[in-house]
Amino acid sequence: MTTSRYRVADMDCAAEEQLVRLALADVDGIEAVEVRLEAREVLVAHATDRRELDRAMQGLGLGAVHLTDGAEQVDQRTGGAERPALVFALAVNALFFVGEVTFGLLSRSMGVVADGLDMGADAAVYLLSVVAVGATTARKKRYARASGYAQLGLAGVGLVEVVRRFVVPGDAPDPAAMAMVTTLALAGNVAVLVVLRRVRTGEAHIEASWIFTANDVIANLLVLAAAGAVALLSSAVPDLVAGAIIFGVVLNGARRILTLSR
């Protein structure tokens, strides 16, 4: 039995941890997998050709690089993946998915709609973590495929709407409504961060906990900045730019999920 260590530079949240585990589920001869999210490392105990592991890890598109081979002990505990914490994260993300999409449409803000869809994409992966405990790889992949196509479709429609609003300008969105709902979403992300951090091993530094939800927080801050720019310029362009960026992030996430679920 050999233990291979990988550095995964772009693995910075629980959703991407689940994608790593799903990718490795297809490789025969794996005895154990340990994901050290705070260090962005994955340890795999295996009795198979390492080239198979390399293909699976590098196929994720998360910047995986093989570091060492040895006989290191692998801890299979998932740390932050305990069910109560994941259920809380799922509930928060699902709530703000509905809330932000609704308020975004009412306030004419594509940035808020996109931010809500980003949280909905996270909710889909958290749901995969909750419902797939003990499930077969085939079942996990069916769910992942369904969620990937849903994200792809919604983000695609969102990008088309952004382009339409660029071509046919309309009224600027309500910056106060944008700021209000996005601030609430930011608070929700921080709450998820705190809960997930509490169920980790306790060895991670506080900076690593921020990495855990960095993408969501950055998206929230981007929409808040767009709200300020809309207020200053009385223009919908900053909101449309923010929406396009976040929709692009969701599309890339959907692509990764669909690639793994084949």
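Student: What share of the accessible surface of the protein belongs to carbon and sulfur atoms?
Tutor: This is a predicted model, in which local features need pLDDT of at least 70 and side-chain atom pairs pLDDT 80 or more, while totals for chains, interfaces and linings use all residues. Residues are numbered from 1 along each chain as its sequence is written, and side-chain values use heavy atoms, without hydrogens and water. The accessible surface (Shrake-Rupley, 1.4 Å probe; for residues, only the protein chains shown count as cover) comes to about 12,200 Å², and the part belonging to carbon and sulfur is 62%.

Student: In what order do the elements run from the N terminus on?
Tutor: Happy to lay that out: the protein has 9 helices and 4 strands, taken as DSSP runs (H or I, at least four residues; E, at least two) and numbered from the N terminus. From that end on, the order is β-α-β-β-α-β-α-α-α-α-α-α-α.

Student: Which element gives the largest share of the largest nonpolar core?
Tutor: That core (buried Ala, Val, Leu, Ile, Met, Phe, Trp, Tyr and Cys joined through side-chain atoms within 4.5 Å) has 23 residues, and V8, M11, V20, L24, V42, M57 and L60 touch the most other members. Two or more residues each come from β1 (2-8), α1 (14-24), β2 (30-36), β3 (41-46) and α2 (50-58). The largest share, 5 residues, comes from α1.

Student: How many residues are in the second, separate core?
Tutor: Its members include A114, A155, M178 and A219. Counting every member of this second core gives 20 residues.

Student: Is N93 buried or exposed?
Tutor: N93 lies in helix α3 (residues 83-106), and its side chain reaches the backbone oxygen of A89 at 2.8 Å. Beyond its neighbours within four places in sequence, N93 is in contact (heavy atoms within 4.5 Å) with M119, G120, D122, A123, Y126, N189, V192 and D216. Its relative accessibility is 2%, so with the cut-offs of under 20% for buried and over 50% for exposed (partly exposed in between; 1.4 Å probe, protein chains only), N93 counts as buried.

Student: Which element gives the largest share of the nonpolar patch?
Tutor: The patch covers about 680 Å² and is made by V163, F166, V167, V168, V237, V241, I245 and V249. Patch residues have over 30% relative accessible area and no salt bridge (Lys or Arg side-chain nitrogen within 4 Å of an Asp or Glu carboxyl oxygen), with nonpolar side chains joined within 5 Å. Both α5 (137-167) and α9 (237-260) give two or more residues, but the largest share, 4 residues, comes from α9.

Technical notes: A polar contact is a pair of N or O atoms within 3.5 Å; within protein, one must be able to donate a hydrogen and the other to accept it, and residues adjacent in sequence count only if both atoms are side-chain atoms. Patches are made of residues with over 30% relative accessible area and no salt bridge: like charges are joined within 9 Å, nonpolar side chains (Val, Leu, Ile, Met, Phe, Trp, Tyr) within 5 Å.
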